[in-house]
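This report describes selected features of one protein chain, from its interior to its surface. The sequence and the structure are shown first.

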Amino acid sequence: MFTNVVEYRKAIGRPAPGRVLVETEHGALKESTKRLEPALGVVSDTYGLEFEKSYEENLSPIAIAGRVLVFPYENREGFRIGDPVCAGPGGTASLMTREEVKLWPDRIIGIVANIPGERFCGKDDEICINGRIWIKVM
């Protein structure tokens, strides 16, 4: 059922699935702290294919392609399918304005793909959506 692809990366702490991460100067990842930060990806719990799990410190599965569940910064009712999102405070995804897209297209982390109504997903409802939305990783 799940089709996103992840690579395992070293992260500071244990970021939860659905959190947006940014790269540090030392190559580790940490949760985003502000809007429009240059984000690297989203921690995924919905992947179907994985890469680079060979190193013990590479523990966080980061979505590099496909759809991933992410925590929204703004109220999820304000998100629409096709809306571009960027990094937000607290490792969230934030809606981008048209002006922001024009000025900072490199800050787009994904496009809203779905706002789920159900509480669980997966073959056996093994994944708790927990207020997250689906984005297509860019």
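Ser60 counts as buried, because its relative accessibility is 7%, under the 20% limit for that class. The model described here is a predicted one. Ser60 belongs to strand S6, and its contacts beyond the immediate sequence neighbourhood are Glu7, Tyr8, Arg9, Ala11 and Pro15.

Tyr8, one of these contacts of Ser60, also takes part in an aromatic pair. The count of such pairs comes to 1. Its partners are Tyr8 and Tyr47, whose ring centres lie 6.3 Å apart with the planes at 85°, so the arrangement is edge-to-face; the angle needed for that class is over 60 degrees. The pair joins distant parts of the chain, since Tyr8 is in strand S1 (residues 4–9) and Tyr47 is in strand S5 (residues 47–51), 39 residues apart. Tyr8 is buried at 4% relative accessibility, whereas Tyr47 is partly exposed at 29%.

Strand S6, which spans residues 60–65, also holds Ile64. With a relative accessibility of 41%, Ile64 is classed as partly exposed. Together with Leu49 and Phe51, Ile64 forms a nonpolar surface patch with about 270 Å² of accessible area.

The following table collects the relative accessibility of the residues discussed so far, together with Leu36, which is treated below.

| Residue | Relative accessibility | Class |
|---|---|---|
| Ser60 | 7% | buried |
| Tyr8 | 4% | buried |
| Tyr47 | 29% | partly exposed |
| Ile64 | 41% | partly exposed |
| Leu36 | 16% | buried |

In soluble globular proteins, nonpolar side chains tend to be buried together. The largest nonpolar core here has 15 residues, of which Val20, Val70, Val85 and Ile135 touch the most other members. Two or more residues each come from strands S7 (67–70), S8 (84–88), S9 (92–95) and S13 (133–137), and S13 gives the most, with 3 residues. Val20 has contacts well away in sequence, among them Lys30, Glu31, Ala39, Val42, Val70, Ala93 and Ile109.

Two loop residues stand out by their backbone angles. Most residues other than glycine have a negative phi. Leu36, however, has a positive phi of about 65° and is placed in the loop between strand S3 (29–31) and strand S4 (39–43). Asn130 likewise has a positive phi, of about 55°, and is found in the loop between strand S12 (127–128) and S13.

Technical notes: Residues are numbered from 1 along each chain as its sequence is written. This is a predicted model: local features need pLDDT of at least 70, side-chain atom pairs count only at pLDDT 80 or more; totals for chains, interfaces and linings use all residues. Side-chain values use heavy atoms; hydrogens and water are left out. Patches are made of residues with over 30% relative accessible area and no salt bridge: like charges are joined within 9 Å, nonpolar side chains (Val, Leu, Ile, Met, Phe, Trp, Tyr) within 5 Å. Accessible areas come from the Shrake-Rupley method with a 1.4 Å probe; for residues, only the protein chains shown count as cover. A salt bridge is a side-chain nitrogen of Lys or Arg within 4 Å of a carboxyl oxygen of Asp or Glu. Helices (H or I, at least four residues) and strands (E, at least two) are DSSP runs, numbered from the N terminus. Buried means under 20% relative accessible area, exposed over 50%, partly exposed in between (1.4 Å probe, protein chains only). A nonpolar core is a set of buried Ala, Val, Leu, Ile, Met, Phe, Trp, Tyr and Cys residues joined through side-chain atoms within 4.5 Å. Contact means heavy atoms within 4.5 Å. Rings of Phe, Tyr and Trp (its six-membered ring) pair if their centres lie within 6.5 Å; planes under 30 degrees apart count as stacked, over 60 as edge-to-face and the rest as tilted. Lists of a residue's contacts leave out its neighbours within four places in sequence.
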